[in-house]
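Please open the model in the viewer and keep the sequence panel visible. The tour below proceeds by selection, from a whole chain to its domains and then to the cores.

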Amino acid sequence: MEDRARLPTIGPVIWYREPLAAIAWLETAFGFERRLVVEGDAGQVVHSELTIGDGYVMVVGPPQGKAVSPRAWEGRATQSVHVQLRDGLDVHCARARAAGAVVVREPETQPYGDRVYTCTDLEDHPWSFGQTLAVLTDAEASQATGHKITAGKA
Amino acid sequence: MTDAAGQVAYSEMSFLGGSVSINPEFAAPDLIGAARMVSPAAIEGRGTQFVSVHMPDGLDAHCDRARAAGARITQAPNDEFYGERTYRAMDPEGHVWNFAQPAAAASAADMEAATGLKLSTSLKEAGHG
C-alpha cells in the first residue's frame, strides 16, 4: 500500500492513552507496519496509518472529547477490530502472546470454516484474528451454526 | 445472521468494497475475556474507536443524505490541510464516523509547515490524494 489513492475504503480509528507506545507494540505483537505517523510536540499522535496485508488502522491519542481508551471504562469498548489473515494464524497468536497480548480465545477452528483467536491489547482494546480454512455455502454455515443467514446483493 | 428470537447475532455490510460488521452489545468471558462490547449510548456517548470511510467522490451529497436520514453532522464538509475533504457525523447510538474524499494534494513538507506537527512516513512521497 504505497499509494494513498489506494487506501482501503474503510479503516478503524483507534484511541490510545499512549499512542506512540501502542504503535510500537502493534508492530511487535501483531506485525503492523507504520506507513505514516503525525506527532505533536507533547507525544500526541494526531494521525497515523499502520498497515497489515491489504488493510490498515489509524492509531491516535491521547483521547479527546468523547473518545476514550477501554481503560477508562473497565474494559468496555464500542468496537473491536477483526483482521483476516491469509495464513499463519497460530504463529501470529504465539507472537502476540509473547509480546504481552492477553489471549482470550485460543486459536480454534469454527463451524463456519474459519480458524479464529481473540485477544486484548496493552490498553484492553479487543481484537480478533481469523484465517479461512474452508469456504461454506450460506446454507451449510446456517446448519453448522444454528443461525438464520440472509445474504444481500453485495 | 439472526438467532431464534429474531435478534441479529452477526452481520456484515459493505460500502465501496470495504466492510463493517454490525452486532449487538455483548459480554462473553469465553470469547472476549473481561472486555465488554457496548454501544456509546451505554457509556454517556464515549467511544473507543471511530470508523473512517474514504470515497473517491460525492462527499457533499453523501453528507446531505446522512443528514436527511437523521445523522448528527458534527463537522460539516471542509477541505483539510492534509489534502482531503472530510465531514464527521454521529449515528443514532453515538458512534462517530469520519468520511473523506481526495482534495488538493499536500506534500509532507506542506503539512508540517501548515500545522507545526512532525510527520514521519515510509512513503517515498507523502500526501498524494
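A residue is called buried here if 20 or more other C-beta atoms lie within 10 Å of its own C-beta atom. The model is predicted, and by this criterion 39% of the 154 residues of chain A count as buried.

**Chain A as a whole.** Select chain A and display its C-alpha trace, which spans about 55 × 35 × 30 Å along its principal axes. In cartoon representation, chain A shows three helices and nine strands. Following the chain along its sequence, the viewer will pass through these elements in the pattern β-α-β-β-β-β-β-α-β-β-β-α. If contacts are drawn between residues of chain A at least 6 apart in sequence, 49% of them join residues at least 24 apart.

**The two domains.** Next, colour residues 1-64 of chain A as domain 1 and residues 79-147 as domain 2, in accordance with the domain assignment. The centres of these two domains, taken over C-alpha atoms, are separated by 21 Å. Where they touch, domain 1 of chain A contributes 13 residues and domain 2 of chain A likewise contributes 13 residues.

Keep the view on the side of domain 1 of chain A that touches domain 2. The elements giving two or more residues to this side are β1, α1 and β4 of chain A. Of these, α1(A) gives the most, with five residues. Colouring the residues of this side by character separates them into nine nonpolar, three polar and one charged.

**The largest core.** Now turn to the largest nonpolar core, which has 44 residues. Select A:I14, A:A22, A:L26, A:L50 and A:V59, the residues with the most contacts inside this core. Then highlight the elements of chain A that each supply at least two of its residues: the strands β1 (10-15), β2 (33-39), β3 (45-52), β4 (55-60), β8 (114-120) and β9 (126-132), together with the helices α1 (19-30) and α2 (89-98). Which element gives the most to this core? It is α1(A), with six residues.

Centre the view on A:A22. Once its neighbours within four places in sequence are set aside, A:A22 is in contact with A:Y16, A:V59, A:L122 and A:E123.

**A second core.** Finally, move to chain B and select B:L59, B:C63, B:Y87 and B:F99. These four are among the seven residues of a second core, separate from the one just visited.

Conventions. Residues numbered from 1 in each chain as written. Chains lettered and ligands numbered in written order. Predicted model: local features only at pLDDT ≥ 70, side-chain atom pairs only at ≥ 80, totals over all residues. Core = buried A, V, L, I, M, F, W, Y, C linked by C-beta atoms within 7 Å. Buried ≥ 20, exposed ≤ 12 C-beta atoms within 10 Å, placed from the backbone. Helix = DSSP H or I, 4+ residues; strand = E, 2+ residues; numbered from the N terminus. Contact = placed C-beta atoms within 7 Å. Domains from an automatic or database assignment. Nonpolar A, V, L, I, M, F, W, Y, C, P; charged D, E, K, R; others polar.
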